[in-house]
Amino acid sequence: SGGFFPMGMAAELQASEGSKPHYVATSGKLLYVAPSLSASLVDVAGDGNMKPFTGDTGNQLYAKVMLGATMYSASAGDATLTIVPPEGYTCTGVTQVPTSLVSIAGIVPSGRGAL
């Protein structure tokens, strides 16, 4: 289930022999399909969460985020995504996931989160 941001469309019509082409672009309201977002913590054994018990510190959790539309920005910092940990938790760092994760083995592209 994907989506796309507002965009115009265009069409070209021509006779069957390829003559008399006519080109038209849409005007007025733009086409739009609401993007969907899917996110979850990776829950494959061995892929993080090696210290899951109360009092454990230094645990590593990996988030799998799939945007329903491609985000582009003209300049660095124009498009952002913010993930806020639950109350009582602190994020001490963000990085790409290692290539050794079982949950991304064999996936092309890898989905490693290179931003």
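Strands here are DSSP runs of E at least two residues long, numbered from the N terminus. By that count K20 sits in the loop between β2 (10-13) and β3 (22-25). The model is predicted.

**Overall make-up**

The chain has six strands and zero helices. Along the sequence the pattern reads β-β-β-β-β-β. Of its 115 residues, 8% count as buried. The exposed area of the chain is about 9,800 Å², and carbon and sulfur atoms supply 58% of that area. Contacts also span the sequence. Among those between residues at least 6 apart, 45% join residues at least 24 apart.

**The core and D47**

Which residues make up the largest nonpolar core? They are V42, Y62, V97, L101 and I104, five residues in all. In soluble globular proteins, nonpolar side chains tend to be buried together.

D47 deserves a look alongside this group. D47 is placed in the loop between β5 and β6. Is D47 buried or exposed? D47 has a relative accessible area of 3%, so it is buried, the cut-off for that class being under 20%. Beyond its neighbours up to four places away in sequence, D47 touches V42, Y62, L101, V102 and S103. Of these, V42, Y62 and L101 are also members of the core. The contact with L101 shows from the other side too: leaving aside neighbours within four places, L101 is in contact with D47 and Y62. D47 also makes a polar link. Its side chain reaches the backbone nitrogen of V102 at 2.9 Å.

**A second aspartate**

D78 is found in the segment after β6. What does the side chain of D78 reach? It reaches the backbone nitrogen of S75, at 3.1 Å. D78 has a relative accessibility of 53%, so it counts as exposed, a class that starts over 50%. D47, by contrast, is buried at 3%.

**Strand contacts**

S38 lies in strand β5, which covers residues 37-41. V65 is found in strand β6, residues 63-67. Apart from neighbours within four places in sequence, S38 is in contact with K64, V65 and M66. S38 and K64 are 26 residues apart in sequence, with their C-alpha atoms 8.0 Å apart. S38 counts as partly exposed because its relative accessibility is 38%. V65 is partly exposed as well, at 31%.

V24 offers another such case, in strand β3. With residues up to four places away set aside, V24 touches M9, A10 and A11. V24 and M9 are 15 residues apart in sequence and 8.8 Å apart in space, C-alpha to C-alpha. At 45% relative accessibility, V24 is partly exposed.

**A nonpolar surface patch**

V65 also takes part in a surface feature. Together with L67, M71, L81 and I83, V65 forms a nonpolar patch on the surface. The accessible area of these residues together is about 450 Å². Why can V65 belong to such a patch? Patch residues need over 30% relative accessible area, and V65 has 31%.

**Positive phi angles**

Where does K20 stand in its backbone angles? K20 is not a glycine, yet its phi is positive, about 55 degrees. N49 is a residue other than glycine too, and its phi is near 55 degrees, a positive value. K20 belongs to the loop between β2 and β3. N49 is in the loop between β5 and β6, where D47 is also placed. K20 is exposed, with a relative accessible area of 74%. N49 has 38% and is partly exposed.

**Residues by place and accessibility**

| Residue | Place | Relative accessible area | Class |
|---|---|---|---|
| K20 | loop between β2 and β3 | 74% | exposed |
| V24 | strand β3 | 45% | partly exposed |
| S38 | strand β5 | 38% | partly exposed |
| D47 | loop between β5 and β6 | 3% | buried |
| N49 | loop between β5 and β6 | 38% | partly exposed |
| V65 | strand β6 | 31% | partly exposed |
| D78 | segment after β6 | 53% | exposed |

Key
Residues numbered from 1 in each chain as written. Predicted model: local features only at pLDDT ≥ 70, side-chain atom pairs only at ≥ 80, totals over all residues. Heavy atoms only, no water. Helix = DSSP H or I, 4+ residues; strand = E, 2+ residues; numbered from the N terminus. Buried < 20%, exposed > 50% of the residue type's maximum accessible area, 1.4 Å probe, protein only. Contact = heavy atoms within 4.5 Å. Areas by Shrake-Rupley, 256 points an atom, 1.4 Å probe, with all protein chains shown as cover. Patch = residues over 30% accessible without salt bridge, like charges linked within 9 Å, V, L, I, M, F, W, Y side chains within 5 Å. Salt bridge = Lys/Arg side-chain N within 4 Å of Asp/Glu carboxyl O. Core = buried A, V, L, I, M, F, W, Y, C linked by side-chain atoms within 4.5 Å. Polar contact = N/O pair within 3.5 Å; in protein donor to acceptor, adjacent residues only side chain to side chain.
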